[in-house]
Amino acid sequence: MTAVADRYAALVRAGELRPDADQERAVAVLDRLAQRLAASTAKGSIVWRLAGRKEPPPPGAYLWGGVGRGKSMLMDLAFETIDHHPKRRVHFHEFMLEVHERLRAERVKEAGDPIPPVAKALAAEAKLLCFDEMVINNSADAMILSRLFSQLLEAGVTVITTSNRPPRDLYLGGLNRELFLPFIDLVERELDVVPLNGPTDYRLERLGGLPTWHVPNGPETTRALSEAFFRLTDYPVEDRAKVPTEELQVPGGRVLHVPKSLKGVAVFSFRRLCGEPRGAQDYLTIARHFHTVIVVGIPKLGPENRSEAARFVTLIDALYEHKVKLLAAADAEPEALYVAGDGAFEFERTASRLIEMQSADYLALGHGEA
Ligand SMILES: Nc1ncnc2c1ncn2[C@@H]1O[C@H](COP(=O)(O)OP(=O)(O)OP(=O)(O)O)[C@@H](O)[C@H]1O
Ligand SMILES: [Mg+2]
């Protein structure tokens, strides 16, 4: 056993994780990967070194399955324990934004095909690349992925990725999908494809049927939401003062400060999100980046808050479209939140969405699922 399997077994023994057959299979795959990576580094292997040979690094693993099955948890476990440097863990969407940025910079140089230098730079920066939430929904990504990834693997990069879909269903129905099929072939050929589709959505279980919309703002609500946050992130409550912040890059160059950001869960105040001039780009960035968003301090809105109300509508649309789970602290139920003022009529749709977003059916949906 290596550290990956050890740590998983220890968490199960400690009762922090429930035994799960699919997860055990995935752990075995990740464990083998860790062993092969250790062998490829071949620190202790005199025979290999004398022969001047190294085992090639394994290409990696693709963990896929329904929401809350523990894919990100297992990938993080592997990422933390595998001793293979430099390594990088990144949200897939964010990674692709960065790739396009780098490709643009290369094209400006007019030095030919921009993909090889970008792949080379990425490979030099990370020998182990972990992607959370691989989803392909635009042709710009679809068209470059096969070449980019084959060059990364060729350069010896090991890739671990999570996705809600099996490789065959990536970019389903997308424009020019036939040009994307080589990427699917590459994934199926090179990566260990591991389904994680046990019966339990552990995230939903952790929410435990608790209410997601809390009224009114106040100490009782704060306590309930902070408990939900710590349950969702497994963060020790005694470390609550140390929850990391994050600076989120919004396309177009803006930066959004996230006061609390951990394991795909973010906490914002209503004032920060909707009290400042922000727009759809900011909200879409949040919706793509986080599977769960907690918004605190939502006041009852009146005619003088029409800008805040309009921004809140845009925020909820983005969260709803990306099936982000919303937990909120507000001074009124959704249908009583904004009843008088510009756009109050349109707000009814937002209220209805807010109600739907509290339903078990909505909460069971995967982040970013169509
Ligand atoms: N075996 C388990 N026992 C108890 N809790 C678990 C178990 N596996 C995962 N969890 C917890 O369930 C929550 C959801 O897991 P995780 O975020 O890894 O799901 P996921 O498969 O990545 O879901 P998504 O597709 O929505 O990203 C996490 O808080 C995680 O720690
Ligand atoms: Mg996940």
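Me: So helices are DSSP runs of H or I with at least four residues, strands are DSSP runs of E with at least two, and both are numbered from the N terminus. How many helices and strands does the protein have?

Reply: The protein has 15 helices and twelve strands. With a radius of gyration of 22 Å (taken over C-alpha atoms), it is close to the 21 Å that the globule rule gives for 370 residues, so it is as compact as a globular protein of that length. That rule is 2.2 Å times the number of residues to the power 0.38.

Me: Anything I should know about the model before I click around?

Reply: It's a predicted model, where local features need pLDDT of at least 70, side-chain atom pairs count only at pLDDT 80 or more, and totals for chains, interfaces and linings use all residues; side-chain values use heavy atoms, leaving out hydrogens and water. Residues are numbered from 1 along each chain as its sequence is written, with chains lettered from A and ligands numbered from 1 in the order in which they are written.

Me: And what box do the C-alpha atoms fill?

Reply: Roughly 80 × 55 × 35 Å, taken along the principal axes.

Me: Sheets next. In what order do strands 1 to 5 sit?

Reply: They form an open, parallel sheet in the order 2-3-4-1-5. Two strands pair if DSSP finds at least two bridges between them. Strand 2 (87-91) and strand 5 (192-195) are the edge strands, pairing on one side only.

Me: Where does strand 5 attach?

Reply: To strand 1 (residues 60-64), in the parallel sense, over four bridges. Within that pairing, tyrosine 62 has valine 193 as its bridge partner.

Me: What about the sheet with strand 6 in it?

Reply: That one is open too, five strands in the order 6-12-11-10-9, with mixed pairing. Strand 6 and strand 9 (260-262) are at the edges with a single partner strand each, so one side of each has no neighbour in the sheet. Inside the sheet, strand 10 (residues 265-269) runs parallel to strand 11 (residues 292-298), joined by five bridges. Valine 267 is opposite isoleucine 294 there.

Me: Switching to ligand 1. Which residues come nearest?

Reply: Arg18, Gly68, Lys71, Ser72 and Met73, out of 19 residues around ligand 1. Being near takes a heavy atom within 4 Å.

Me: What kinds of residue make up that shell?

Reply: Five nonpolar, six polar and eight charged. Here Ala, Val, Leu, Ile, Met, Phe, Trp, Tyr, Cys and Pro are nonpolar, Asp, Glu, Lys and Arg are charged, and the others, Gly among them, are polar.

Me: Which backbone atoms touch its oxygens?

Reply: A polar backbone atom of glycine 70 is 3.0 Å from an oxygen atom of ligand 1. For methionine 73, a backbone N or O atom lies 2.8 Å from a ligand oxygen, and for leucine 232 the distance is 3.3 Å. These are polar contacts, meaning N or O atoms within 3.5 Å.

Me: Is ligand 1 mostly covered or open?

Reply: Covered: the protein takes up 95% of the 640 Å² of accessible area that ligand 1 has on its own, using the Shrake-Rupley method with a 1.4 Å probe. Helix 4 (71-81) and helix 9 (202-207) are the elements giving two or more residues to the shell.

Me: Last thing: where are the cis peptide bonds?

Reply: One joins histidine 85 and proline 86, with omega about -10 degrees, and proline 86 is in the loop between helix 4 and strand 2. Another joins valine 215 and proline 216, with omega about -10 degrees; proline 216 is in the loop between strand 6 (213-214) and helix 10 (219-233). Most peptide bonds are trans.

Terms used
A polar contact is a pair of N or O atoms within 3.5 Å; within protein, one must be able to donate a hydrogen and the other to accept it, and residues adjacent in sequence count only if both atoms are side-chain atoms.
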